[in-house]
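Here is a friendly walk through a protein model and its DNA strands. Please take a look at the structure before reading on.

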Amino acid sequence: MNLFGLVDCNNFFVSCERLFRPDLIGRPVVVLGSNDGVVVSRSEEAKKFGVPMGVPFFKVRDIVKDNKITLFSSNFELYRDVSDRIMFVLQEELGEIYQYSVDEAFFQFTEKSSAVAKIQLTDLKQTIEKKIGVPVSLGAGKTMTIAKYASEMEKRKSGVCVLSGTAWQKLTPQIPLSEIWGIGGKTSVNMRNHKLNFVADLLSAPESFIKEEYGVHGLRLRSELSENPAHQPTEREGLQKSIMHTRSFSKTTESLAALETAVTFHIERAAEELRAIGGKAGSLSVQIQTSRHGDWLLQSGRQEIILPAPMSDTRTLLRYALSLTKALYRSGVPYKKAGVVLGRIISENFVPVSLWDQYEKTDEDALLMNVIDNLNAEWGNDAVTFGRLKKGGQLDHDQHRSPRYTTSWNEVRKVERKI
DNA sequence: TCTGGGGTCCTAGGACCC
DNA sequence: TCTGGGGTCCTAGGACCC
């Protein structure tokens with residue numbers, strides 16, 4: 001029996017914090033997203049106090065205070081490092097894995113029966129928890145979508161679940177479609193309106209109707225839910241497709257200069273990352289947005305351009321980005337957020353030779369960028385900037401961040417010996 | 001008062017061509 | 001006067017995910 005498996009870390013960010021704060025095991029903990037804006041990870045105890053996922057922090061401030069919930073700002077450097085360690089152990093145990101997100105990975109395996117598969121997954125769970133210390137849930141099924149559901153089903157119990165054949169089919173009349181991977185808020189409302197509430201409803205709906213209403217995505221979903229794989233995990237070939245850098249302003253701004261400062265900062269960071277992965281971008285887009293929660297939504301703007309040649313030089317990218325910013329800008333509009341996306345990324349080793357080589361012609365340019373990247377890495381992002389004096393009012397709050405225990409020598413855990 | 005940031009994939013509809 | 005229609009390419013925007 002060929003199966004897909006999924007490893008999913010429980011309350012991942014909270015679990016990472018607990019690795020270095022074992023005193024917090026069994027106690028309520030919450031991690032906030034960047035800028036301390038929203039809740040992104042909650043311990044089981046915090047969930048019981050009624051802290052929802054994704055809620056703006058100010059809405060749960062009282063719950064946090066009243067119940068003495070421990071609060072952390074995101075410490076992505078720590079989470080990334082713990083994640084890398086987990087993926088390394090998984091590779092050792094399983095061979096090929098397909099990392100899906102910072103805290104999840106799919107894999108494929110073959111077992112005679114569900115019972116045997118379950119034993120194997122239980123072993124794997126114990127290995128990870130012993131070597132890394134982060135609790136995980138494992139699920140398996142004949143498709144990735146079913147494996148994903150299985151991993152969530154037993155999360156708060158044994159943490160291991162195999163759903164295949166009749167074990168899965170028996171459940172389909174009870175599983176709400178809204179709990180299925182790939183069915184979000186909009187689709188699930190639409191499905192309810194068509195009297196599609198449970199997985200079994202979708203499985204018995206006519207194919208023509210599904211195609212008409214939900215397109216290829218709907219057909220794939222139905223195939224996956226009837227145990228016929230429509231998704232294959234793929235090793236990502238080469239580099240990621242895009243790099244994005246975005247921040248909100250602490251206060252809305254109507255000033256073009258402030259937007260330009262922000263866009264400059266984002267291009268600096270995104271281009272730096274692009275060079276770090278050895279890529280060049282073929283397209284560039286700038287987005288300036290008003291608040292998602294006000295009346296100005298329609299005034300937001302985004303525009304993409306195809307670059308004359310794949311490039312990674314901050315100065316050139318910046319020229320295009322600033323001209324896009326000017327074009328998008330409308331005076332009198334309260335902007336809340338600005339960001340850039342570098343797209344169509346290809347490896348710098350595969351840049352085709354073209355008439356446009358004038359854009360990045362010399363090794364000197366690459367060397368200059370290299371020097372700047374090193375200076376900024378050592379002295380902070382404001383060491384060398386491109387005509388940008390300060391951050392321009394964009395948020396950068398992380399007052400509850402834990403130390404970077406595993407990636408910064410200055411923040412390594414200290415052990416004192418009592419005399 | 002305060003509502004994240006980083007990704008992928010799909011599709012409708014405009015521009016353009018013949 | 002009658003003002004086509006099919007194909008391709010592109011991008012803005014939507015939906016979803018973590």
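## Two DNA strands and one cavity

β11 provides the largest share of the surface near DNA strand C, namely 4 residues. This is a predicted model, in which local features need pLDDT of at least 70 and side-chain atom pairs count only at pLDDT 80 or more, while totals for chains, interfaces and linings use all residues; side-chain values use heavy atoms, with hydrogens and water left out. Residues are numbered from 1 along each chain as its sequence is written, and chains are lettered from A and ligands numbered from 1 in the order in which they are written.

Let us stay with DNA strand C for a moment. It has 18 residues around it, the closest being S101, D103, K148, G182 and T187; a residue is near a strand if one of its heavy atoms lies within 4 Å of it. Of the atoms of DNA strand C that come within 4 Å of the protein, 87% are sugar and phosphate. The surface near DNA strand C divides into 5 nonpolar, 6 polar and 7 charged residues. Here Ala, Val, Leu, Ile, Met, Phe, Trp, Tyr, Cys and Pro count as nonpolar, Asp, Glu, Lys and Arg as charged, and the others, Gly among them, as polar.

The table gathers polar contacts with both DNA strands (pairs of N or O atoms within 3.5 Å; within protein, one must be able to donate a hydrogen and the other to accept it, and residues adjacent in sequence count only if both atoms are side-chain atoms).

| Residue and part | DNA partner | Distance |
|---|---|---|
| D103, side chain | strand C, sugar or linking oxygen | 2.9 Å |
| E104, side chain | strand C, sugar or linking oxygen | 3.4 Å |
| E304, backbone | strand C, phosphate oxygen | 3.1 Å |
| N35, side chain | strand B, phosphate oxygen | 2.7 Å |
| S248, backbone | strand B, phosphate oxygen | 3.1 Å |
| R292, side chain | strand B, phosphate oxygen | 2.2 Å |

Strand β5 (residues 98-101) and strand β6 (residues 104-110) pair in the antiparallel sense over 3 bridges, where pairing requires at least two DSSP bridges between the strands. Strands (E, at least two residues) and helices (H or I, at least four) are DSSP runs, numbered from the N terminus. A hairpin through 2 residues joins β5 to β6, and Y98 stands opposite F106 in β6.

What, then, surrounds DNA strand B? There are 23 residues, and N35, K241, T246, R292 and K336 are the closest. Sugar or phosphate makes up 59% of the atoms of DNA strand B within 4 Å of the protein, and bases make up the rest. α3 (57-66), α10 (207-225), β9 (243-253) and β12 (335-343) each supply at least two residues of this surface, with β9 giving the most, 6 residues. By class, the surface near DNA strand B has 7 nonpolar, 8 polar and 8 charged residues.

An automatic or database assignment divides chain A into domain 1 (2-9 + 79-225), domain 2 (12-75) and domain 3 (243-388). The C-alpha centres of domain 1 and domain 3 are 37 Å apart.

Finally, which residues line the largest cavity? They are E268, R269, E272, R275, T314, I372, D373, N376 and F386. α11 (256-276) and α13 (363-379) each supply at least two residues of the lining, and α11 gives the most, with 4 residues. By class, the lining has 2 nonpolar, 2 polar and 5 charged residues.

Methods:
1 Å grid on protein atoms, 1.4 Å probe; cavity = no way out; pocket = protein on both sides within 12 Å on 5 of 7 lines; lining within 4 Å.
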